[in-house]
Amino acid sequence: QVQLVESGGGSVQAGGSLRLACVASGYAYIKFMGWFRQSPVKEREGVGAIYTIGGSTYYPDSMKGRFTVSQDKAKNTVYLQMNSLNAEDTAMYYCAAATTYDGTWRRLLDPVNFHYWGQGTQVTVSS
C-alpha cells in the first residue's frame with residue numbers, strides 16, 4: 001500500500017507561481033510518480049511524470065515549458081513547480097503512483113496506469 005498526501009495548493013493571480021508537494025509513505029515499490037489535474041469542465045489530464053529511479057521526466061506537449069516535476073528521494077517527496085499560471089490552470093491537482101508500468105512515456109499519463117492516488121489539492125488562478 002502507498003499513501004500519498006498533496007500540499008501547496010491555493011489561490012494565485014495570473015502570472016504567478018506555485019509549488020505543489022506530494023509525500024509518499026507505505027511499503028510498495030513506486031516506479032513512476034505522476035501529476036494530474038481535473039476541473040469541472042475537463043477530464044482528468046496528465047501534467048507530468050518522473051521515473052523515480054533515474055529521475056527522468058516527461059511532459060505532454062501541452063504542459064511543456066511551464067511545469068516542472070522533481071523529487072527529493074530522501075524526503076519521499078515529489079514536487080510540481082508551476083509557473084506563469086493562468087485561469088485555465090485552475091483545477092484540482094492530484095499526485096499518483098505507478099508501480100508496474102512498462103510502456104512508453106507517451107502512454108504513461110493515462111490514469112489507469114496509476115494505482116495509488118492522493119486526495120488532491122486545489123489550485124485557483126484569478127485573472
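Author: Before the questions begin, one definition is needed: a residue is buried under 20% relative accessible area, exposed over 50%, and partly exposed in between. The structure discussed here is a predicted model.

Reader: Is Arg 66 buried, exposed or partly exposed, and which term applies to it?

Author: The cut-offs are under 20% for buried and over 50% for exposed. Arg 66 has a relative accessibility of 22%, so it counts as partly exposed.

Reader: With which residue does Asp 89 form a salt bridge in which the closest N and O atoms are 2.8 Å apart, the partner lying in the loop between β6 and β7?

Author: Asp 89 itself lies in the loop between β8 and β9, 23 residues from its partner in sequence. At 1% relative accessibility, Asp 89 counts as buried. The partner in the loop between β6 (57–58) and β7 is Arg 66.

Reader: Which residues are linked with Arg 37 in a network of salt bridges?

Author: The side chains of Arg 37 and Asp 89 meet in a salt bridge, at 2.8 Å from N to O. This pair links distant parts of the chain, with Arg 37 in strand β4 and Asp 89 in the loop between β8 and β9, 52 residues apart. Both of these residues are buried. The network links Arg 37 with Glu 45, Arg 66 and Asp 89.

Reader: How many salt bridges does the structure hold?

Author: Side chains of opposite charge can pair when their charged atoms come close. One such pair is Lys 31 with Asp 102, whose closest N and O atoms are 2.4 Å apart. Lys 31 lies in the loop between β3 and β4 and Asp 102 in the loop between β9 and α1 (105–108), so this pair ties together parts that are 71 residues apart in sequence. For the structure, the number of salt bridges is five.

Reader: Is Asp 102 buried or exposed?

Author: Its salt-bridge partner, Lys 31, has a relative accessible area of 16% and is buried. Asp 102 has a relative accessibility of 66%, which is why it counts as exposed.

Reader: What is the handedness of the disulfide between Cys 22 and Cys 95?

Author: The structure holds one disulfide, formed by Cys 22 and Cys 95 with their sulfur atoms 2.0 Å apart. Cys 22 lies in strand β3 and Cys 95 in strand β9, so the bond ties together parts that are 73 residues apart in sequence. Both cysteines are buried. The torsion about the S-S bond is about 55°, so the disulfide is right-handed.

Reader: Which residues touch the most other members of the largest nonpolar core?

Author: This core has 27 residues. Strands that each supply at least two of them include β1 (2–7), β3 (18–26), β8 (77–82) and β11 (121–126). The members that touch the most others are Leu 4, Met 33, Trp 35, Leu 80, Met 82 and Tyr 93.

Reader: How many residues are in the other core?

Author: One member of the largest core is Met 82, which touches residues including Leu 18, Leu 20, Phe 67, Tyr 93 and Val 123. Apart from the largest core lies another, with Ala 49, Ala 96, Ala 98 and Leu 108 among its members. The number of residues in this other core is 10.

Reader: Which side chains of β11 point to one face and are buried?

Author: In a regular strand the side chains alternate between the two faces of the sheet. Along β11, Gln 122, Thr 124 and Ser 126 point to one face and are not buried. Those that point to the other face and are buried are Thr 121, Val 123 and Val 125.

Reader: Which residue of β11 is the bridge partner of Ser 11?

Author: Strand β11 runs antiparallel to β9, to which three bridges join it, and there Ala 91 stands opposite Val 123. With β2 (residues 10–13), β11 runs parallel, joined by four bridges. In β11, the partner of Ser 11 is Thr 124.

Reader: Which residue in the turn between β5 and β6 has a positive phi?

Author: Strand β5 is joined to β4 by seven antiparallel bridges, in a hairpin with two residues between the strands. β5 also pairs with β6 in the antiparallel sense, over two bridges, with Ile 50 partnered by Thr 57. The hairpin of β5 and β6 has five residues between the strands, and the residue with a positive phi, of about 85°, is Gly 55.

Conventions: Residues numbered from 1 in each chain as written. Predicted model: local features only at pLDDT ≥ 70, side-chain atom pairs only at ≥ 80, totals over all residues. Heavy atoms only, no water. Core = buried A, V, L, I, M, F, W, Y, C linked by side-chain atoms within 4.5 Å. Buried < 20%, exposed > 50% of the residue type's maximum accessible area, 1.4 Å probe, protein only. Contact = heavy atoms within 4.5 Å. Disulfide = S-S within 2.5 Å. Salt bridge = Lys/Arg side-chain N within 4 Å of Asp/Glu carboxyl O. Pairing = 2+ DSSP bridges. Lists of a residue's contacts leave out its neighbours within four places in sequence.
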